[in-house]
Structures are given as structure tokens and as C-alpha cells.
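Student: Could you take one part of this model and give me a close look at it, including what it packs against? A connected account would help me more than a list.

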Amino acid sequence: MRIGVWGGGALGLLWAARLAALYSETVLVTRTRKQADAVRSEGIRVIGLDGKARRMPVQAVESDRVTASFDVIMLMVKQRDFTSAFYQALSVCAQDGVIVCWQNGVGHDAVVKKTRHTQPVYGAVTTEGAWREDMTTVRHTGAGQTWIGPLLGKQEDHPALLRSLIAQVDHRWCPVVLEADIQPRIWKKLMINSVINPLTALLEVENGELFRLPDARALIRAALEEGVAVVRAMGYRWEADDVFHEVAEVCEKTATNRSSMYQDLMRGHMTEVDWINGGIVKEGKARGIQTPIHETLMRLVHAKEAINRR
Ligand SMILES: NC(=O)C1=CN([C@@H]2O[C@H](COP(=O)(O)OP(=O)(O)OC[C@H]3O[C@@H](n4cnc5c(N)ncnc54)[C@H](OP(=O)(O)O)[C@@H]3O)[C@@H](O)[C@H]2O)C=CC1
Ligand SMILES: CC(C)(CO)C(=O)C(=O)O
């Protein structure tokens with residue numbers, strides 16, 4: 001099976017190393033030539049949850065020099081780079097191939113919907129954590145669960161290639177399940193990220209600190225009420241109370257983590273706030289539901305991004 005892993009960031013490095021151990025024809029597709037050269041000569045170093053580092057030889061190529069055609073493409077770029085990466089990936093995906101999109105938040109699904117393609121496009125949601133230390137090193141920061149399902153619409157019947165890959169990964173690396181409908185998972189993760197990420201980023205605290213701050217707890221509660229009103233209008237019968245408890249659980253389990261948004265801001269990078277809180281604001285507008293807390297969180301995160309760009 002020829003596999004292309006798009007994006008040499010945290011998830012891309014972790015999964016390229018995992019998949020290369022299972023399929024020799026795995027290729028990491030990077031944005032820069034420098035990174036492709038580094039991976040070709042040094043391989044990928046994965047620091048596991050046990051703190052031990054293992055190096056894995058992996059083929060690599062920069063995205064504007066890809067010529068091979070792939071049976072499965074794992075698209076592991078951030079939302080802001082999704083459109084161009086998706087078009088690149090589509091141009092080298094075999095006619096009977098599959099593309100799997102791993103982005104947090106929403107927005108990538110709208111891009112896929114607008115693009116003419118015959119290959120099935122899947123979405124993945126993961127609670128695993130990974131952090132890129134340098135061009136060839138990734139740290140696995142948290143175990144978790146991964147769900148993969150058709151990105152647009154429900155479907156019980158999945159391509160054989162994908163079923164076989166998932167069975168191999170599930171057996172060797174981490175729990176992965178195929179779902180008929182991935183959208184509820186996408187929205188549940190989005191809802192959790194919509195409170196933990198901006199609040200930890202703005203307050204500059206680790207995830208575990210949020211529930212120890214009464215004002216942060218109250219804001220989480222109010223923001224979840226807003227978000228749940230939106231998703232209920234979309235058809236998900238969730239209760240704000242239940243989601244609040246899920247958020248508390250995630251904060252406890254990832255207590256010493258700095259959220260991805262906090263880390264993006266610390267590094268002077270743009271965040272995914274427009275695709276997380278922005279997803280709630282956009283759906284709310286379309287359904288006539290006010291979302292002032294999420295709009296405020298977005299603006300505050302944008303302001304921090306602007307300060308970092310100075
Ligand atoms: N990391 C995690 O633990 C998790 C991440 N996710 C989601 O997965 C997605 C990826 O996250 P993550 O890996 O952390 O992000 P990173 O920022 O670490 O990595 C993204 C990578 O994509 C590369 N890239 C951008 N455009 C292209 C392109 N056109 N072709 C090839 N490569 C490209 C970037 O290259 P360069 O560095 O050269 O700019 C970068 O290395 C995000 O949407 C995130 O929300 C979901 C769950 C967990
Ligand atoms: C679950 C959480 C909040 C863990 O840090 C995360 O997904 C992120 O940081 O983006």
C-alpha cells in the first residue's frame with residue numbers, strides 16, 4: 001500500500017514513523033526541501049510516552065515535487081494550510097485511493113464539499129497528543145483514541161484499503177475505530193477545544209489550572225451553554241452539564257499540558273481559533289443564535305496573534 005503523510009509537523013512525523021513500520025512505501029510529504037532532506041538522511045526520531053527515543057527510516061519528499069500516486073493520504077496540516085494541501089493531495093491520489101483529513105475544528109469539510117473529487121474523503125478525530133521538537137523529532141505527549149469516518153455524510157461501507165490499514169494500526173500502535181458518521185465526534189472535540197484552548201492561551205495556564213480558577217470555570221460554563229445551543233439546533237441532543245463534565249475530565253487528564261492554542265501563541269504562530277470558536281460563531285449566525293462569548297474569545301486570541309506579529 002502506497003501511503004502519503006502530508007505535513008511534517010507533530011501528527012505527521014508521529015504517523016509517518018508508525019506507518020513506515022507497517023508499510024515500506026510510506027512517504028512523508030513536507031512543505032520544505034530542507035525538512036525532506038533531513039528526514040531522508042536521519043529518519044524520524046519518536047520520543048515515546050516512556051521517554052525512550054526510537055529512530056525510524058522514512059522516505060520523504062517536498063510537496064511541490066511529489067510525483068508518486070498514493071492509495072491512502074493522511075492529510076496532517078493545520079486548517080489554515082488545508083485548502084492548498086488538499087488540492088495537492090487530490091492531484092496525486094489514486095483513482096481508487098482515500099484521503100483522510102485530521103484537522104481539529106471545522107472548515108476543512110466545507111472545502112472538501114466544494115471541490116470536485118471522486119475519491120472518498122474521510123475525517124479523523126484523535127485524542128492522542130504529539131509535539132514536534134525539531135524537523136525530524138516528535139514527542140508523543142498523550143495516549144488516546146482515534147475515530148475515522150466519512151467526512152461528508154454517513155456511510156457504513158468503507159474502502160477495503162482503509163479497513164485493512166486501520167486494523168493494522170489498531171493492532172500495532174493505538175486504538176482506532178471506523179465510524180459511520182464522524183461529524184458528532186468532530187463537533188464534540190471542537191466544543192471541548194472551544195473552551196480549553198482559548199482560555200488557557202489567554203490566561204497562559206496549563207489545562208489543569210482552568211478548573212481551579214472560579215472565574216474561568218464560570219466562563220467555561222457560559223461558553224458551553226452558547227455552544228450547546230448551536231449544536232442542539234444542528235440536531236445533537238447534548239446537555240451543557242454533560243459537556244461541562246467532559247471538559248473537566250479532559251482538563252484533569254491533560255492537567256500538565258499546554259493546549260495547542262497556548263503553544264501556538266507562545267511560538268508566535270497563528271492559531272486555529274477561526275476554525276474552532278469560529279465554527280460555533282458561523283453555525284450560530286446561520287441559525288440565528290447569538291454567540292457573544294465565542295466572538296469575544298476569538299477577538300482576544302486574534303489580538304494576541306497581532307501582538308505576537310509586531
Ligand atoms: N498535534 C496534536 O497532538 C494534534 C493535532 N491535531 C490536528 O492536526 C492538525 C495538524 O496538527 P499538528 O501536526 O500539531 O500541526 P503542526 O503545525 O505541528 O504541523 C503541520 C505541518 O504541516 C506542514 N504543512 C503546511 N502546509 C503544507 C503543505 N502544503 N504540504 C506539506 N506540508 C505542509 C507544516 O510545515 P512547516 O512546518 O514547514 O510550515 C507543518 O510541519 C491540526 O489541525 C491539529 O489541530 C489533532 C489532534 C492532536
Ligand atoms: C484536548 C486538548 C485541549 C489537550 O491539550 C487539545 O486537544 C489541544 O490542546 O488542542
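Tutor: Happy to, and one term will help us from the start. When two helices cross, look at the pair with one in front of the other: the crossing is left-handed if the near helix is turned anticlockwise from the far one by less than a right angle, and right-handed if it is turned clockwise. Please keep in mind that this is a predicted model. The part I suggest is helix α7, which spans residues 214-234.

Let's start with its partner α6, residues 183-203. The axes of these two helices come within 10 Å and cross at roughly 150 degrees. Because angles over 145 degrees count as roughly antiparallel, α6 is roughly antiparallel to α7. Their crossing is right-handed. On the α6 side, the contact is built from Trp187, Met191, Val195, Leu199 and Leu203, and these meet Ala216, Leu219, Ile220, Ala223, Leu224, Gly227, Val228, Val231 and Met234 of α7. Sorted by class, that contact holds 13 nonpolar residues, 1 polar residue and no charged ones.

Next comes α8, residues 240-253. Here the helices pack at an angle of about 130 degrees, and their axes are 9 Å apart. That angle makes α7 oblique to α8. This crossing, too, is right-handed. From α7, the contact takes Arg217, Ile220, Arg221, Leu224, Glu225 and Val228; from α8 come Ala240, Asp241, Val243, Phe244 and Val247. The class count is 7 nonpolar, no polar and 4 charged residues. Notice that Ile220, Leu224 and Val228 of α7 take part in the contacts with α6 and with α8.

The third partner is α10, residues 273-286. Its axis comes within 9 Å of that of α7, at a crossing of roughly 55 degrees. The two are therefore oblique to each other, and this crossing is left-handed. In α7, Gly227, Val230 and Met234 meet Ile280, Glu283 and Gly284 of α10. This contact has 3 nonpolar, 2 polar and 1 charged residues. Gly227 and Met234 also appear in the contact with α6.

From these partners we can step out to the ligands. Ligand 2 is surrounded by Lys189, Asn193, Ile196, Asn197, Asn207, Val250, Asn257, Ser259 and Ser260. Among them, Lys189, Asn193, Ile196 and Asn197 fall within α6, while Val250 falls within α8. Three of the surrounding side chains place a polar atom close to an oxygen atom of the ligand: asparagine 193 at 3.0 Å, asparagine 257 at 3.4 Å and serine 260 at 2.6 Å.

Ligand 1 has 26 residues around it, and Ala10, Leu11, Arg31, Ala130 and Glu272 come nearest. For glutamate 272, a polar side-chain atom lies 2.5 Å from an oxygen atom of ligand 1; α10 begins at residue 273. Nitrogen atoms of ligand 1 also have polar side-chain partners: an N or O atom of glutamine 88 is 3.1 Å from one, and the corresponding distance for tryptophan 6 is 3.4 Å.

Notes:
Residues numbered from 1 in each chain as written. Chains lettered and ligands numbered in written order. Predicted model: local features only at pLDDT ≥ 70, side-chain atom pairs only at ≥ 80, totals over all residues. Heavy atoms only, no water. Axes fitted to C-alpha atoms, helices over the stretch in contact; angles between N-to-C directions. Helix = DSSP H or I, 4+ residues; strand = E, 2+ residues; numbered from the N terminus. Parallel < 35°, antiparallel > 145°, perpendicular 65-115°, else oblique. Contact = heavy atoms within 4.5 Å. Nonpolar A, V, L, I, M, F, W, Y, C, P; charged D, E, K, R; others polar. Near = heavy atom within 4 Å. Polar contact = N/O pair within 3.5 Å; in protein donor to acceptor, adjacent residues only side chain to side chain.
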